[in-house]
Amino acid sequence: MTNKKIDNQNVFQVTEIQDKQNQEHRGIPKAKFLENIKSLIKTPQEAAVMLKNLETIYSKYKFMENNLLRQRIRVNQKIPKLEENIEMINFLKLKNEKGGSLDTRFKISNNLYVNAGIEKCQSVCLWLGANVMMEYPLEEAEQVILKNLSSAKKTLEVLKKDLGFLKDQITTTEVNRSRVYNRHVMLNRNLKNTQTKKK
């Protein structure tokens, strides 16, 4: 009886352990498919405990999925802005080569703009985050933005892989849940039938 309890606990501990295989997926634990439900679950009480544990694991996976989806949205919004910044720097470089002034409008406050002419743009200001802005020469600014763009694209690829892996774990957990639930229903039905026969 003691060994059986340890086996049931191990089924759920496996999903919590971070092994080398899933370290590449931000430490998302791999869900173990419960193959032999009949030998694992003998009573309705065991089925209820297992269902509760599977619900906990499932809710953790869904929480992770929501976090990764939010990260993906943020990165997806960041990439086009970085690409626009690169285009603007290239435009400024081209304008410097051709000469002449660059006519533009600066926003002073909401609905208030001022016209300005820039003779030769040698530097730009970049937002670094946390309300910090720094001035960079055009070449250096381009390098910073290209580095950020490359990093954002790599992050997006990693997020796609992690979401794919996580989707597989969610599916496995959903299948486990439905199989354990069916086993629970069957055991309850068998228990009721035996109690009815005894009467």
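The following dialogue goes through some labels applied to this predicted model and the values behind them.

Student: What is the make-up of the chain in helices and strands?
Tutor: The chain has five helices and four strands. Their order from the N terminus is α-α-α-α-β-β-β-β-α. Of the 199 residues in the chain, 29% are buried.

Student: How do you know that strand 1 and strand 2 pair?
Tutor: Pairing needs at least two bridges, and seven bridges join strand 1 to strand 2, so the two count as paired. They run antiparallel, and D103 stands opposite G117 in strand 2. The two strands form a hairpin with two residues between them.

Student: What makes N111 stand out in the loop between strand 1 and strand 2?
Tutor: N111 has a positive phi of about 60° and is not a glycine. Most residues other than glycine have a negative phi.

Student: Why is N111 called exposed?
Tutor: The relative accessible area of N111 is 77%. Exposed means over 50%, so N111 has that label.

Student: Which residue in the loop between strand 3 and strand 4 is N131 to be compared with, and what is its phi?
Tutor: N131 lies in the loop between strand 3 (123–129) and strand 4 (132–137). Its phi is near 60°, a positive value, and N131 is a residue other than glycine. For N111, phi is likewise positive, at about 60°.

Student: Why is N131 called exposed?
Tutor: N131 has a relative accessible area of 75%. The cut-off is over 50%, so N131 is exposed.

Student: Which residues form the nonpolar patch on the surface?
Tutor: The patch is made of F106, I108, L112 and V114, with about 360 Å² of accessible area together. Strand 1 (102–109) and strand 2 (112–118) each give two or more residues to it.

Student: Why is L112 called partly exposed, and how can it still belong to the patch?
Tutor: L112, in strand 2, has a relative accessible area of 43%. That lies between 20% and 50%, so the label is partly exposed. A patch residue needs over 30%, so L112 passes that cut-off as well.

Student: How do you know that R105 sits over the ring of Y113?
Tutor: R105 lies over the face of Y113, at 4.7 Å from the ring centre. The distance limit is within 6 Å, so this value meets it. The charged end of R177 sits over the ring of Y58, 4.1 Å from its centre, and that value also meets the limit.

Student: How many aromatic pairs are there?
Tutor: The count is zero. A pair needs ring centres within 6.5 Å, so none qualifies by this rule.

How values were computed:
Residues are numbered from 1 along each chain as its sequence is written. This is a predicted model: local features need pLDDT of at least 70, side-chain atom pairs count only at pLDDT 80 or more; totals for chains, interfaces and linings use all residues. Side-chain values use heavy atoms; hydrogens and water are left out. Rings of Phe, Tyr and Trp (its six-membered ring) pair if their centres lie within 6.5 Å; planes under 30 degrees apart count as stacked, over 60 as edge-to-face and the rest as tilted. A charge sits over a ring if NZ of Lys or CZ of Arg is within 6 Å of the ring centre and within 35 degrees of the ring normal. Patches are made of residues with over 30% relative accessible area and no salt bridge: like charges are joined within 9 Å, nonpolar side chains (Val, Leu, Ile, Met, Phe, Trp, Tyr) within 5 Å. Accessible areas come from the Shrake-Rupley method with a 1.4 Å probe; for residues, only the protein chains shown count as cover. A salt bridge is a side-chain nitrogen of Lys or Arg within 4 Å of a carboxyl oxygen of Asp or Glu. Buried means under 20% relative accessible area, exposed over 50%, partly exposed in between (1.4 Å probe, protein chains only).
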